Number of protein chains: 2
Amino acid sequence: MEKLPTIKEIAKQLKVSVSTVSRALSDHPRIGLGTKLKVQQLAKEMGYEPNAQAIFFKQKKTYVIGVVIPYIREEFFSQAISGIESAAMEHQYTILFGQSYDDPEREKAVVEAMKKQRVDGLIISLSKQTNRYDHLEALNKFEIPVVYFDRVPPFKEAHKVFCNLYKGTVDMVGWLFNKGYRRIAFINGPDKLNASKERMNGYIEGISKQKLKVDMQMVEKTDLSKESTHNAMKKLLALKHPPTAIITFNDYVHMDAVQYAQKQNILVNKDIVFVSYANLPITSYTAFPPLVSVEQYPYGQGERAMELMIKILSEKTDNKITNTSFYVEELPATLVAYQQATAGG
Amino acid sequence: MEKLPTIKEIAKQLKVSVSTVSRALSDHPRIGLGTKLKVQQLAKEMGYEPNAQAIFFKQKKTYVIGVVIPYIREEFFSQAISGIESAAMEHQYTILFGQSYDDPEREKAVVEAMKKQRVDGLIISLSKQTNRYDHLEALNKFEIPVVYFDRVPPFKEAHKVFCNLYKGTVDMVGWLFNKGYRRIAFINGPDKLNASKERMNGYIEGISKQKLKVDMQMVEKTDLSKESTHNAMKKLLALKHPPTAIITFNDYVHMDAVQYAQKQNILVNKDIVFVSYANLPITSYTAFPPLVSVEQYPYGQGERAMELMIKILSEKTDNKITNTSFYVEELPATLVAYQQATAGG
DNA sequence: TTGTAGGCGTTATCAT
DNA sequence: ATGATAACGCCTACAA
């Protein structure tokens with residue numbers, strides 16, 4: 001059991017100084033070619049890897065970005081992480097990973113742990129319940145920039161990446177209208193989510209735009225649990241004039257809603273058509289995927305969030321004026337027919 | 001934007017030495033009460049936070065565990081990561097995350113990056129293609145323990161956590177036999193995977209145990225892509241005596257196989273019944289989940305892998321004799337009817 | 001071209 | 001009870 005070699009070891013074996021080794025390894029101009037090759041070869045032989053921990057001392061940089069999401073098991077987030085990781089790898093960053101399980105306490109603990117690790121930056125999609133932000137603002141003290149994605153905070157003073165669901169929702173209502181549907185219901189998510197508000201506004205605008213009148217009986221809410229969604233469905237189906245089309249908050253709600261409809265012997269996408277948000281690959285394996293979806297590009301959001309982070313970090317390094325402005329990237333949420341899955345086992 | 005204060009600053013302001021400050025802050029016994037209070041108060045006023053990185057650096061410990069998996073978007077692995085993260089949090093460890101995308105080159109690069117970050121240990125589920133292990137053995141050599149899970153290497157000298165699929169497969173064949181099925185086909189995964197070999201052996205043993213004869217026409221292979229699975233199905237359905245039951249390598253293969261069967265107007269789970277491995281929650285949303293599954297407990301495997309890692313690390317710290325033995329945890333793979341999904345949105 | 005020395009923040013080991 | 005100093009691995013300004 002040997003220790004990982006240091007430049008000191010290499011220097012000793014080659015009977016040169018540590019600075020020579022350091023220079024040789026970093027392709028410094030003022031170094032003899034012979035020496036350089038000799039050092040690099042031995043370094044490789046010994047399995048040398050620079051100690052990022054030590055480098056942190058000099059540069060005060062860890063090349064680690066913390067990533068906090070609610071649930072990794074949700075395909076939306078696992079795809080987002082892929083986008084984040086992919087962009088990170090390209091720029092030699094690594095990612096420290098944590099889940100909040102939609103619990104603000106847990107979120108706080110995870111953020112705390114990342115602060116301790118001195119991540120260079122934090123990318124986070126907020127927990128459903130989060131309404132205080134002090135644990136995140138505390139990062140400012142450490143000059144750790146925070147980029148929010150998808151579940152972003154309501155205030156302006158933050159870097160954010162998200163999809164404009166308002167427009168996507170207006171489009172979706174329009175699509176249904178054009179197909180001839182008039183009784184368009186909506187199962188929305190928790191009020192406090194920004195995403196719920198946007199969808200709601202889009203729904204209202206979409207309905208109004210078609211000269212229909214907004215009927216609040218057609219609007220239900222779910223806390224995203226299966227029971228809650230089933231309950232919303234129950235209410236909708238009990239209406240004197242039940243809906244002919246149902247927009248659901250996301251694909252999970254869609255699947256739960258469809259499940260309930262089937263139990264009631266409703267012919268899904270025939271008696272009632274279902275449309276949704278997210279467009280997750282798994283829906284293509286289900287019996288009744290949404291007819292159309294508002295695509296939210298989880299991979300793209302993750303990728304953009306990471307690229308934004310890198311931009312922010314490099315501006316910091318370049319010592320530009322202490323930046324008081326915040327970046328906001330609003331990706332378009334486009335309407336798409338459901339996608340084929342590609343999950344390969 | 002001022003920098004965080006260090007013990008040095010505090011020492012200077014109080015005109016005491018850094019060691020005194022260090023001791024005062026860590027409640028060292030040999031320190032004057034007055035001094036202690038004075039230091040602690042000023043530290044609080046200045047918003048002092050110990051620099052964990054500096055401490056880790058000195059201790060040669062990062063409290064970070066690297067985790068490398070093929071694809072996070074696969075539910076099996078996202079659940080495994082959850083188990084890993086959960087156990088990690090409990091012991092104040094954080095996890096550095098990377099995907100291999102089933103590409104050995106990428107796997108090597110990720111492992112490399114983690115070595116650079118000086119992770120205290122590495123938990124990995126191998127890429128499908130990995131057949132060289134030097135990049136991983138190098139870590140063991142350098143006192144970075146490696147724990148494999150699920151996709152484990154074929155050799156003995158490694159810490160591993162995995163499910164015994166052999167027994168699970170024997171049980172599954174038995175279950176089908178008891179239900180009256182006799183023409184039991186098997187779509188296996190790539191030969192080189194340990195998991196494929198185990199399933200194959202279990203299949204052969206299961207068939208033989210029921211006094212049936214093994215018919216190699218009933219055994220097909222898939223590289224786990226949709227096309228490959230469809231092709232396997234095509235061959236099986238073209239047989240003079242097509243199967244009445246099909247065992248698939250995992251739930252993704254299952255879904256692809258079912259998809260193909262439906263296109264051929266076969267009544268799934270009626271004309272032909274399907275059973276599978278993994279038992280992922282998403283299958284409960286599909287039209288035809290496997291009748292039974294061999295549960296592989298991804299969350300449990302992840303959790304056990306992390307706990308094993310912590311055990312190994314603490315043994316190392318306790319300076320027990322340089323441990324030359326390896327831990328192997330073989331979890332039972334049990335037969336279960338399909339589970340209700342709980343994904344909550 | 002190469003070597004020497006100081007410093008990043010902290011703790012441990014001496015000494016006082 | 002407190003202070004001085006070395007050490008962790010690396011980089012870099014300065015010296016040779």
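A residue is taken as near a DNA strand if one of its heavy atoms lies within 4 Å of that strand. In this predicted model, 26 residues surround DNA strand D, the closest being A:Ile7, B:Thr20, B:Arg23, B:Gly32 and B:Lys60. Of the atoms of DNA strand D within 4 Å of the protein, 58% belong to sugar or phosphate, and the rest belong to bases. The surface near DNA strand D comprises nine nonpolar, nine polar and eight charged residues.

Both protein chains supply helices to this surface. At least two residues each come from H1 (7-14), H2 (18-25) and H4 (52-59) of chain A and from H2 (18-25) and H4 (52-59) of chain B; H4(A) gives the most, with four residues. Phosphate oxygens of DNA strand D lie 3.3 Å from a polar backbone atom of A:Asn51 and 3.0 Å from a backbone N or O atom of B:Ser17. An N or O atom in the side chain of B:Lys58 is 3.4 Å from a base nitrogen of the strand.

Chain A also contains an open sheet of six strands with mixed pairing, in the order E7-E6-E8-E9-E10-E12. Strands E7 (219-221) and E12 (334-337) stand at the edges with a single partner strand each, so one side of each has no neighbour in the sheet. Neighbouring strands are turned by 20 degrees against each other on average, direction ignored. E6 (184-188) and E8 (245-248) pair in the parallel sense over four bridges, with A:Ile184 opposite A:Ala245. Helix H8 (165-178) packs on the sheet, touching E6, E8, E9, E10 and E12, and its direction makes about 160 degrees with that of E9(A). Helix H10 (226-237) also packs on the sheet, touching E6, E7, E8 and E9.

Conventions: Residues numbered from 1 in each chain as written. Chains lettered and ligands numbered in written order. Predicted model: local features only at pLDDT ≥ 70, side-chain atom pairs only at ≥ 80, totals over all residues. Heavy atoms only, no water. Pairing = 2+ DSSP bridges. Axes fitted to C-alpha atoms, helices over the stretch in contact; angles between N-to-C directions. Contact = heavy atoms within 4.5 Å. Polar contact = N/O pair within 3.5 Å; in protein donor to acceptor, adjacent residues only side chain to side chain. Nonpolar A, V, L, I, M, F, W, Y, C, P; charged D, E, K, R; others polar.
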